[in-house]
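Please open the model in the viewer and keep the selection panel at hand. The stops below are meant to be followed in order.

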Amino acid sequence: MTTNDTLATPTLDTFEGLLAAITPTTGETREILDPATGAVVGLAPVHTVDDLEAAIIAATLAQPAWAALGHAERSAVMVRAADAIDAAAEALAQLLSREQGKPLNGPNARFEVGGASAWLRTAAATPLDSEVLIDDGATHAAITYRPIGVVGAIGPWNWPMMISIWQIAPALRMGNAVVVKPSEYTPLSVLALVEVLNQVLPEGLVTVVSGGRAIGAGLAVHPGIGKVMFTGSTATGKAIIKSSADTVKRLTLELGGNDAGIVLPDADPEAIAEGLFWGAFINTGQTCAALKRLYVHDDIYDAVCDALTAVAAKMPMGVGIDENNVLGPLQNKAQFDIVAGLVQSAKDSGARVLIGGNPDLEAPGFFYPTTLIADIDDDNPLVREEQFGPALPIIRYTDLDDVIARANSVDVGLGGSVWSSDLVAARAVAARLETGTVWINAHGAVHPMIPFGGAKQSGYGLEFGVEGLKALGVPQVING
């Protein structure tokens with residue numbers, strides 16, 4: 001845990017100082033490697049279930065005093081914590097780039113650190129007052145939200161800092177303590193982020209327990225954890241649901257997706273090409289709500305393919321700390337193998353490769369080239385399964401009702417998008433898509449005040465804004 005087994009340091013605004021602050025001085029450790037180069041980034045602690053127990057006890061002790069401060073005082077502390085992120089922003093981005101692989105520039109490492117600060121500030125500033133439900137002279141009823149207690153936050157490796165803040169910020173705002181379990185692939189980024197926050201936050205209020213599956217499973221079953229927030233795979237989400245049943249935990253689950261985009265025939269291919277590209281390839285495609293299947297009307301199919309290929313060809317991919325790059329490697333070998341296998345299945349089927357599809361297996365790092373696949377069938381694995389990487393299948397359609405049915409045919413429903421010059425027509429199509437969010441002429445954009453959550457097997461519960469705050473409290477109605 002960051003408060004007990006690392007050296008304190010006053011130099012968290014430098015990469016070296018930040019790394020030193022989170023390097024364990026005792027206990028078992030393991031090396032974390034840069035996915036772009038294979039070089040050692042740093043050492044991560046291997047915490048145990050005993051460490052988890054200690055963290056939950058510390059959180060349980062710290063939480064009542066934090067809750068007693070009230071919203072205004074808690075929010076003021078959170079703003080100071082956001083200031084601390086800003087002061088260490090470049091060091092955090094450098095560490096994130098080295099560990100996760102994403103470049104510093106573009107919608108990547110610096111963007112993610114800035115988003116973490118912004119989300120923390122927004123959660124701090126969002127009002128949530130007691131709401132009078134009825135007051136008719138005979139009956140007075142109001143609803144308010146009490147703290148849950150201790151929240152378990154289990155995060156992914158694709159946006160480790162940003163998503164950790166998505167979990168931590170509303171939990172703190174509502175008076176809870178948090179025990180964070182980062183991905184085994186990106187523990188350093190989360191350890192560093194919480195080290196920065198803990199310059200300001202009370203001791204024990206937010207703790208990172210960095211370990212394997214036993215830690216996540218322990219959070220799910222522990223009676224001292226009142227809620228689990230999880231972002232990750234649908235399979236793991238289902239396991240958490242089962243494990244949490246005996247303690248009737250509250251859950252917010254943001255699980256896998258296979259987002260479809262539908263381009264209507266009146267869209268301007270040149271105008272939408274860059275938006276389509278970043279919708280699909282932000283974070284090198286390693287985003288739950290990225291565009292993963294693109295359906296384009298036959299009338300403009302070739303034009304969209306050409307325009308999107310031209311944009312893709314101009315986006316440099318390489319080592320993240322090179323300021324010129326905007327695309328990086330896949331974060332780990334397992335994900336590289338998934339993407340490579342799915343693209344190969346498309347190539348074997350006779351689908352047309354517009355760009356990419358030819359990784360250099362001898363080069364260092366888990367780089368898979370930006371890949372666009374055209375003339376592919378709906379039943380191909382690259383379309384049916386979530387690739388979670390830089391490979392986009394582009395599927396031709398002619399009938400609107402048919403393409404909506406095809407978009408809805410998978411068992412997940414995180415996001416979707418409609419692309420058109422006619423907003424009325426686009427919104428009509430959007431209303432028929434079975435997803436938690438549908439974007440118009442964009443894909444994957446999130447806003448701290450707009451609720452976000454999935455449909456079908458993409459999970460349940462809402463994050464962000466007022467609805468996200470409510471999800472981190474226990475509703476209480478006072479009637480009388």
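In which sense do strand S8 (residues 227-231) and strand S9 (residues 250-254) pair, and over how many bridges? Select both strands: S8 and S9 run parallel and are joined by five bridges. Strands count as paired if DSSP finds at least two bridges between them; helices (H or I, at least four residues) and strands (E, at least two) are DSSP runs numbered from the N terminus. Within this pair, Lys227 has Arg250 of S9 as its bridge partner.

Before going on, note that this is a predicted model, in which local features need pLDDT of at least 70 and side-chain atom pairs count only at pLDDT 80 or more, while totals for chains, interfaces and linings use all residues. Residues are numbered from 1 along each chain as its sequence is written, and side-chain values use heavy atoms, with hydrogens and water left out.

**The six-stranded sheet**

Extend the selection to the open sheet, whose six strands follow the order S7-S6-S5-S8-S9-S19 with mixed pairing. Strand S7 (206-208) and strand S19 (459-460) are the edges; each has a single partner strand, so one side of each is left without a neighbour in the sheet.

Next, display helix H2 (residues 49-68), which packs on the sheet and touches strand S5 (150-154), strand S6 (177-181) and S7. Contact here means heavy atoms within 4.5 Å. The direction of H2 makes about 160° with that of S6; axes are lines fitted to C-alpha atoms, for helices over the stretch in contact, and angles run from 0 to 180 degrees between N-to-C directions. Then add helix H8 (residues 213-221), which lies across S5, S6 and S8 at about 150° to S6.

**A buried serine**

Select Ser164 in helix H6 (residues 160-173). Ser164 has 3% relative accessibility and counts as buried (buried means under 20% relative accessible area, exposed over 50%, partly exposed in between, with a 1.4 Å probe and protein chains only). Leaving aside residues up to four places away in sequence, Ser164 touches Trp159, Val180, Val190 and Leu193.

**Strand S13 and its partners**

Move to strand S13 (residues 371-374). Thr371 and Ile373 point one way, Leu372 and Ala374 the other, and all are buried. Strand S12 (residues 352-355) pairs with S13 in the antiparallel sense over three bridges, with Ile355 opposite Leu372. S13 is also joined to S14, by four bridges in the parallel sense, and there Leu372 stands opposite Leu392.

In the loop between helix H13 (381-384) and S14, select Phe388. Its phi is near 55°, a positive value in a residue other than glycine, and Phe388 is buried at a relative accessible area of 11%.

**Helix H14**

Which residues of helix H14 (residues 400-407) are buried? They are Val403, Ile404, Arg406 and Ala407. These residues cover an arc of only 160° around the axis, which puts them on the same side of H14; the arc is that of the directions from the helix axis to the C-beta atoms. Their cover includes strand S10 (259-263), strand S11 (291-297), strand S14 (391-397) and helix H15 (423-430).

At the N-terminal end of H14, Asp399 acts as the cap, with a side-chain oxygen 3.2 Å from the backbone nitrogen of Asp401.

**Salt bridges**

The structure holds 15 salt bridges, a salt bridge being a side-chain nitrogen of Lys or Arg within 4 Å of a carboxyl oxygen of Asp or Glu. One of them joins Arg432 to Asp401, with the closest N and O atoms 3.0 Å apart. Arg432 lies in the loop between H15 and S17 and Asp401 in helix H14, so the pair ties together parts that are 31 residues apart in sequence. Arg432 is partly exposed at 40% relative accessibility, as is Asp401 with a relative accessible area of 46%.

Stay on H14 for the salt bridge between Arg406 and Asp402, whose closest N and O atoms are 3.0 Å apart. Both lie in H14, four residues apart, about one turn of the helix. Arg406 is buried at 17%, whereas Asp402 is partly exposed at 36%.

As a last selection, show Asp298, Arg352, Asp375 and Arg396, which are linked in a network of salt bridges.

Technical notes: A polar contact is a pair of N or O atoms within 3.5 Å; within protein, one must be able to donate a hydrogen and the other to accept it, and residues adjacent in sequence count only if both atoms are side-chain atoms.
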